[in-house]
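Please open the structure in your viewer and set it to a cartoon display. The tour below proposes one selection after another and states what is to be found at each stop.

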Amino acid sequence: MGLELYLDLLSQPCRALYIFARSNNIPFEFKRVQLMKGQHKTEEFRKVNVLMKVPALRDGSFTLAESIAILLYLAQKFKTPDHWYPSDLQKRARVDEYLSWQHANIRAKGSKVFLSKVLLPILTGQPLSAEKLEFLIEDLNVVLKQFEEKFLQDKPFIAGSEISLADLVALVELMQPVGAGYNLFEERPKLAEWRRRVEEAVGKELFQEAHEGIMNIKNLTADQFAPELLESFKQQLLKQLLHK
């Protein structure tokens, strides 16, 4: 049995894995797990990841959860070019620093904007108030400023002159609010140039292919969700948006 990646490309971490594996010619079987259909809740998938979340990896009898752990596993197993996860101690520390910071910052704030603009109106029939949405966007703007000033600075990429796992993880997260209609690159030329460099480094066609679903997410309707999951999705969503 070869390498299997269990992914839904509507998920940011899944896109990072898909792009990384494809751009490095890592052979894998793409096992699509449709979150909206509840395919991550099946007993079959539970055998791969007891946490019932994507992404997940199966490599023979070995299984692994958590996107960052999977990215590091792939980088080391397949000996991908050094720039992805540098052997230089300080460059690697820069990658680790960003990967440690991003989950509670870029990911958390970007996801809330996406959820409030796309999923909330579908699942509750009510859009978030303009005032609350503005609050979430301001929260995102704060961490975007931190990203530019602390992590990007005046470098082409987070760890220096070449792309790393940190850049890929960062950009797929930022595309989530973009898919929801908030173009955060529009008034940030430094960020827009960095985005262009990252896309070119992994291949623009591959990047666009991976993001096709999320860039068309506004066409999503309630009937695309498994009916039995609608209420649980709604409760999870409200909990996330109400949690400061």
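The stops that follow lead from the sheet to the helices and then to single residues. Please keep in mind throughout that this is a predicted model.

**Stop 1: the sheet**

Begin by selecting strand 1, strand 2, strand 3 and strand 4. In what order do the four strands of the open sheet lie? The order is 2-1-3-4, and the pairing is mixed. Strand 2 and strand 4 (62-65) are the edge strands, since each of them pairs on one side only. On average, neighbouring strands of this sheet are turned by 20° against each other, if direction is ignored. In general, the strands of a sheet pair through backbone hydrogen bonds, and the pairing is either parallel or antiparallel.

**Stop 2: strand 1 and its neighbours**

Now select strand 1 (residues 3-7) alone. Its partner strand 3 (residues 56-59) runs antiparallel to it, and four bridges join the two. To see one position in this pairing, select leucine 3, which stands opposite aspartate 59 of strand 3. Strand 2 (residues 29-32) also pairs with strand 1 over four bridges, but in the parallel sense. Here leucine 7 is the residue to select: its bridge partner in strand 2 is arginine 32.

Next, display the side chains of strand 1. Are the residues of this strand buried or exposed? Five of the five are buried, so strand 1 is largely enclosed by the rest of the structure. The cover extends to both faces: Leu3, Leu5 and Leu7 are buried on one side, and Glu4 and Tyr6 on the other.

**Stop 3: the helices on the sheet**

Add helix 1 (residues 12-23) to the selection; together with strand 1 and strand 2 it makes a right-handed β-α-β unit. Helix 1 lies across these two strands and runs at about 145° to strand 1.

Then add helix 3 (residues 67-77), which also packs on the sheet. Helix 3 touches strand 1, strand 3 and strand 4, and its direction makes about 130° with that of strand 4.

View the two helices together. The axes of helix 1 and helix 3 come within 10 Å and cross at roughly 10°. An angle under 35 degrees counts as roughly parallel, and helix 1 and helix 3 are therefore roughly parallel to each other. To display their contact, select Pro13, Ala16, Leu17 and Phe20 in helix 1, and Ser67, Ile70, Leu71, Leu74 and Ala75 in helix 3. Eight residues of this contact are nonpolar, one is polar and none is charged.

**Stop 4: helix 4 and helix 6**

Move on to helix 4 (residues 89-124) and helix 6 (residues 165-179), whose axes are 9 Å apart and which pack at an angle of about 5°. That angle makes helix 4 roughly parallel to helix 6. Among the residues that meet here are Val95, Leu99, Ile106 and Phe114 in helix 4, and Leu165, Val169, Leu174 and Pro177 in helix 6. The contact of helix 4 with helix 6 divides into 12 nonpolar, four polar and two charged residues.

**Stop 5: the loop between strand 2 and helix 2**

Select histidine 40, which is placed in the loop between strand 2 and helix 2 (43-46). Its relative accessibility is 9%, and buried means under 20%, so histidine 40 counts as buried. Leaving aside residues up to four places away in sequence, histidine 40 touches Val33, Leu35, Phe45, Met52 and Phe233.

**Stop 6: unusual backbone geometry**

Most residues other than glycine have a negative phi, and most peptide bonds are trans. The last selections show exceptions.

Methionine 52, one of the contacts of histidine 40, lies in the loop between helix 2 and strand 3. Its phi is near 60°, a positive value in a residue other than glycine. With 17% relative accessibility, methionine 52 counts as buried.

Proline 55 is found in the loop between helix 2 and strand 3 as well. Which kind of peptide bond joins valine 54 and proline 55? The bond is cis, with omega about 5°.

Finally, select glutamine 153 in the loop between helix 5 (130-152) and helix 6. Glutamine 153 is not a glycine, yet its phi is positive, at about 50°. Its relative accessible area is 37%, and glutamine 153 is partly exposed.

Conventions: Residues numbered from 1 in each chain as written. Predicted model: local features only at pLDDT ≥ 70, side-chain atom pairs only at ≥ 80, totals over all residues. Heavy atoms only, no water. Buried < 20%, exposed > 50% of the residue type's maximum accessible area, 1.4 Å probe, protein only. Pairing = 2+ DSSP bridges. Right-handed = clockwise from strand over helix to strand, strands pointing away. Axes fitted to C-alpha atoms, helices over the stretch in contact; angles between N-to-C directions. Parallel < 35°, antiparallel > 145°, perpendicular 65-115°, else oblique. Contact = heavy atoms within 4.5 Å. Nonpolar A, V, L, I, M, F, W, Y, C, P; charged D, E, K, R; others polar.
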